[in-house]
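This report sets out how strands are paired into sheets and how helices are placed in the structure shown below.

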Amino acid sequence: MSLFESPLFKDAFEQLEIAAATMDLDPNILDRLKYPKRALQVAVPIRLDDGTVKTFMGYRVQHNMTIGPGKGGIRYHPKVDLSETAALAMLMTFKCALVGLPLGGAKGGIQVDPNELSRQELQALTRRYATEINMIIGPNIDIPAPDIGTDGQTMAWFMDTYSQIKGYTVPGVVTGKPIGIGGSLGRAEATGKGVAYCVNFACKKLGRTVKGSTVAIHGFGKVGAPAAEDLGEQGALIVAISDVSGAIYNKDGLDVEACVEWVKNRNYLKDMKGDHKMISNDELLALDIDILIPAAIDGVVTKDNCHTVKAKIIAEGANGPLTIDAIEHLTKQGAFIIPDILCNAGGVIVSYFEWVQGLQNFFWDLDRINKTLHDILEESFEVVCEAADHYKVDMKKAAMIGALKRLEKAMRLRGLFPA
Ligand code: NAD
């Protein structure tokens, strides 16, 4: 697949072009933003537990680093390819710019199903991948973090491998590390907490309350689970959650803590016993609820199924879970959509705090982290709402315009090399 072929890349590209036309972006700036700055494809061979060798394809793409070092997660998923990685890197550029971080956009991944590998095999895979891409990453160049299929342990192996290559400890090369090796308080739940903050801002804007709202969460992972916990604590009723195996539903609300415990031990929801019934992922998306949080993968709500969605607020916890067609349709139907580059920015914001803390060797307490996260997201939410009002566009386009305004300013100031 070429760089520009995946549905996610086409979608990101289209979003960029529409926002650029709406805000009258300098065409020279637009031209530069269409292409990733650098894309590396690597073979990652490892010895499996049975003694055979298997080679996986890995990628790291840096989209734009005008404002600062590249920042973006590493994904382990069978669908990972160069084009999807490039699209996600582009979205990271816009996300960092929108929320005002001094960082650029990057993304990485390996085409693999991590559930099929043992812990030892995953460690070998991570260490070999880190070795293969080490020449284009570093605390001042590009700083990876966890994404689908990776976690704090993955980051610890990655940081250790990079440090072995350098000959000294480099905590700032990744974020999302465990606390014991320089991770930040609040990072693990930051993306989900940020989603919950954004849901609160949206409820306030619409004159609704989180308390008593019914919520369904598509994808009960590192983003979906903490968002459920946070909203549940505020009195929302979490009526349905799902994973790749299917969804569970109880109209009176699920026992979120029991669900968190269940998935923590790498169990599928389809095998969970309790006071709920099994439904499909498609049925979850179509539930008659107040708030829908798609927090699994991209392209979940499309022009084919958007007419089934009934939620009044849709918070894009995942990257690109709604296609442009779906967003246009649902906005016309009166749904309020919190776009991904705002809604799930909590992770990269606290990653930024982790990076800053690591560079300064001075660590903040959780209250300071959560308060600063809240304030940055609240300000960014306002920026998006103002752009939506000013340009008379949906929240998705408005978020892109907010990001492009900051990027345009920075790119103009730096100019083009060579002049
Ligand atoms: P994760 O691997 O922890 O969880 C993903 C969840 O989605 C799991 O429950 C998985 O079973 C489920 N899932 C996967 N494929 C599915 C499918 N086809 N149908 C239904 N469910 C499916 O991943 P995560 O870190 O929570 O990331 C989820 C999304 O959020 C991704 O789009 C990711 O890029 C985005 N995101 C993550 C972070 C972060 O900090 N982890 C930050 C920003 C954005």
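Two strands are said to pair if DSSP finds at least two bridges between them. In this predicted model, strand 3 (residues 70–77) and strand 4 (residues 104–111) meet that condition, with six bridges in the parallel sense. Within this pair, Arg-75 has Gly-109 of strand 4 as its bridge partner.

**The five-strand sheet**

Strands 3 and 4 belong to an open sheet of five strands, whose order is 1-2-4-3-5 and whose pairing is mixed. At its edges are strand 1 (38–47) and strand 5 (142–146), each of which pairs on one side only. On average, neighbouring strands of this sheet are turned by 20° against each other, direction ignored. Helix 5 (residues 152–166) lies across strand 3 and strand 5. Relative to strand 5, helix 5 runs at about 150°.

**The seven-strand sheet**

A further open sheet consists of seven strands in the order 9-8-7-6-10-11-12, again with mixed pairing. Its edge strands are strand 9 (277–279) and strand 12 (336–338), and each pairs on one side only. Here the average turn between neighbouring strands is 20°, direction ignored. Strand 10 (residues 291–294) and strand 11 (residues 313–315) run parallel and are joined by two bridges. Opposite Ile-291 stands Ile-313 in strand 11.

The two parallel pairs described above are listed here.

| Strand pair | Sense | Bridges |
|---|---|---|
| Strand 3 (residues 70–77) and strand 4 (residues 104–111) | parallel | six bridges |
| Strand 10 (residues 291–294) and strand 11 (residues 313–315) | parallel | two bridges |

**Packing of helix 7 and helix 8**

Two packed helices are described by the angle between their axes and the distance between the axes. For helix 7 (residues 224–233) and helix 8 (residues 256–264), the angle is about 160° and the axes lie 10 Å apart. Helix 7 is therefore roughly antiparallel to helix 8, since angles over 145 degrees are counted in that class. The crossing of helix 7 past helix 8 is left-handed.

Which residues meet in the contact of helix 7 with helix 8? Helix 7 contributes Ala-225, Ala-228 and Glu-229, while helix 8 contributes Val-256, Glu-257 and Val-260. By class, the residues of this contact comprise four nonpolar and two charged, with no polar residue.

Technical notes. Residues numbered from 1 in each chain as written. Predicted model: local features only at pLDDT ≥ 70, side-chain atom pairs only at ≥ 80, totals over all residues. Heavy atoms only, no water. Axes fitted to C-alpha atoms, helices over the stretch in contact; angles between N-to-C directions. Helix = DSSP H or I, 4+ residues; strand = E, 2+ residues; numbered from the N terminus. Parallel < 35°, antiparallel > 145°, perpendicular 65-115°, else oblique. Left-handed = near helix turned anticlockwise from the far one by under 90°. Contact = heavy atoms within 4.5 Å. Nonpolar A, V, L, I, M, F, W, Y, C, P; charged D, E, K, R; others polar.
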